[in-house]
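Hi,

Here is the structure I said I would pass on. Have a look at it first, and then read my notes underneath.

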Amino acid sequence: MKSVLRVNGGQPLVGEITVRGAKNFVSKAMVASLLGTSPSVMRNVPEINDVQIVAGLLQLHGVAVSWDQAAGVLSMDPTNVDLAGAGEIEAHAGSSRIPILLCGPLLHRLGEAYIPDLGGCRIGDRPINYHLDILRKFGAEVEKYTDRGIQLSAPNGLVGTKYELNYPSVGATEQLLLTAVLAEGKTELRNAAIEPEIMDLIAVLQKMGALISVDTDRVIRIEGVEQLQGFNHTALSDRIESASWGAAALATGGEVMVRGATQPEMMTFLNTFRKVGGDFDITDDGIRFVHPGGKLRSIVLETDVHPGFMTDWQQPLVVALTQAEGLSIVHETVYENRFGFTSALRKMGAHIQVYRECLGGTPCRFGQRNFYHSAAISGPTPLTAADIAVPDLRGGFSHLIAALTAQGTSNVQGIKIINRGYENFLGKLEALGADVEMVEP
Ligand SMILES: CC(=O)N[C@H]1[C@@H](OP(=O)(O)OP(=O)(O)OC[C@H]2O[C@@H](n3ccc(=O)[nH]c3=O)[C@H](O)[C@@H]2O)O[C@H](CO)[C@@H](O)[C@@H]1O
Ligand SMILES: C=C(OP(=O)(O)O)C(=O)O
């Protein structure tokens with residue numbers, strides 16, 4: 001089987017591609033469809049594996065799903081929601097992080113829930129203590145917790161609560177929203193995450209009939225309602241995929257028009273892109289990312305929750321920073337272990353050193369805990385081709401960018417992982433003039 005991507009690098013990426021709905025929104029809105037008493041329709045849905053995985057999970061629970069992949073239209077009818085068999089659930093163990101978000105909706109609909117053990121990128125420990133804490137505060141009980149799955153029940157229903165997150169976790173905020181909207185009474189969340197994908201999920205829930213207010217200082221208030229209907233919604237664009245193509249344009253010295261990319265959700269990325277020396281042009285159709293020629297500049301960067309520089313942009317941008325003049329510092333404050341991908345870049349000639357200290361200014365949660373969560377990148381360094389293996393979704397895309405930047409022929413293994421979040425990335429690479437080919441291992 002042809003499972004290795006052969007990349008003949010050293011050519012700038014030039015051309016146009018289209019980005020559709022956000023992986024980190026579409027999958028959550030699919031879960032929200034479980035809360036409705038009537039069918040939901042979502043548009044601008046990308047053809048990525050995570051959507052396939054969540055569609056499979058919904059179908060296991062009796063949701064009738066139909067997906068016109070070319071049109072990007074996904075219809076979900078939750079009229080006959082039912083419990084799935086344990087064996088079928090466990091077969092999904094390790095597939096994605098979304099199953100934990102099924103808990104609230106399934107507990108509302110069925111009084112019990114069984115979800116598979118979670119997957120997702122291994123970029124840190126990724127505990128689910130906030131999720132379980134929140135569910136318990138609503139009145140749920142954890143019946144069984146094994147390495148195959150988690151079983152919960154809500155014998156007395158779910159009742160609104162007050163909760164304050166220690167850290168503004170995206171998933172935990174979504175957990176609370178998806179549980180509170182149908183819980184009895186009011187819920188208040190403090191220190192909530194306010195990522196654009198969460199705002200779009202709130203928009204979906206409002207369309208369904210929920211009462212949610214987003215107040216200042218990361219406070220979200222929800223008044224539970226008795227019933228929700230289906231929704232009709234067009235997903236917001238994938239700002240991580242757009243930024244990844246922008247970083248690829250910069251690293252390879254090219255010019256990529258990303259149709260569908262939107263400015264408001266990308267302002268922080270665009271500021272950084274400009275500081276590094278990249279140029280961009282924003283139109284009604286998308287954003288054109290340009291390497292304007294000349295030298296790129298080194299920067300000091302910290303990842304953070306929204307509206308900060310998002311952690312998922314970090315890995316692709318680091319490849320571009322290997323081509324910048326001087327010493328760049330990147331402090332990863334969201335995940336404790338998100339620099340594993342840099343070992344392949346070092347193999348290709350990049351000068352990257354990782355540190356346990358909080359470089360760059362703000363002390364973070366990981367400073368005293370021995371995690372290599374800061375990186376110093378000195379450049380510019382020409383990259384040379386190598387045989388590399390994809391470690392995770394964004395790290396994998398970064399490896400691709402590095403292989404495209406490098407002189408010579410690289411062989412990239414494990415590229416299937418990239419399909420989890422990048423729609424038709426091989427087709428897009430070819431459209432941008434990349435010399436790539438799937439070959440036997
Ligand atoms: C499917 C999806 O949307 N994934 C995104 C989501 O992941 P996800 O929702 O998993 O990320 P979180 O925002 O929850 O994680 C942020 C931090 O909180 C910690 N934490 C989280 C939950 C918990 O119960 N306990 C705990 O300690 C995590 O270990 C991490 O250090 O937001 C991340 C931050 O923008 C993105 O990188 C991921 O792409
Ligand atoms: C970390 C990511 O995703 P997930 O939470 O699905 O692992 C990502 O999209 O970069």
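Below is what I found, going from the overall fold to the ligand.

One thing to keep in mind: this is a predicted model. The protein has 441 residues, and 51% of them count as buried. Its radius of gyration is 22 Å, which agrees with the value near 22 Å that a compact globule with 441 residues would have. Along the principal axes, the C-alpha atoms fill a box of roughly 65 × 45 × 45 Å. On secondary structure, you should find 13 helices and 24 strands. If you look at contacts with a separation of 6 or more, 73% of them come from residues 24 or more positions apart.

Now the domains. The assignment gives domain 1 as 4-19 + 237-439 and domain 2 as 23-234. Taken over C-alpha atoms, their centres are 30 Å apart. Where the two touch, domain 1 puts in 17 residues and domain 2 puts in 15. The domain 1 side of that contact is made up of 8 charged, 5 polar and 4 nonpolar residues.

And which residues are closest to ligand 1? They are Asn-24, Tyr-130, Ser-169, Val-170 and Gly-171, out of 22 that surround the ligand. Domain 1 and domain 2 each give at least three residues to this shell. Helix 5 (129-138), helix 6 (170-180) and helix 10 (311-321) supply at least two residues apiece. By class, the shell around ligand 1 comes to 10 nonpolar, 7 polar and 5 charged residues.

Cheers

Terms used. Residues are numbered from 1 along each chain as its sequence is written. Chains are lettered from A and ligands numbered from 1 in the order in which they are written. This is a predicted model: local features need pLDDT of at least 70, side-chain atom pairs count only at pLDDT 80 or more; totals for chains, interfaces and linings use all residues. Domain bounds come from an automatic or database domain assignment. Two residues are in contact if their C-beta atoms, placed from the backbone, lie within 7 Å. Ala, Val, Leu, Ile, Met, Phe, Trp, Tyr, Cys and Pro count as nonpolar, Asp, Glu, Lys and Arg as charged, and the others, Gly among them, as polar. Helices (H or I, at least four residues) and strands (E, at least two) are DSSP runs, numbered from the N terminus. The radius of gyration is taken over C-alpha atoms; the globule rule is 2.2 Å times the number of residues to the power 0.38. A residue is buried if 20 or more other C-beta atoms lie within 10 Å of its own, exposed if 12 or fewer, and partly exposed in between; C-beta atoms are placed from the backbone. A residue is near a molecule or strand if its C-beta atom, placed from the backbone, lies within 6 Å of it.
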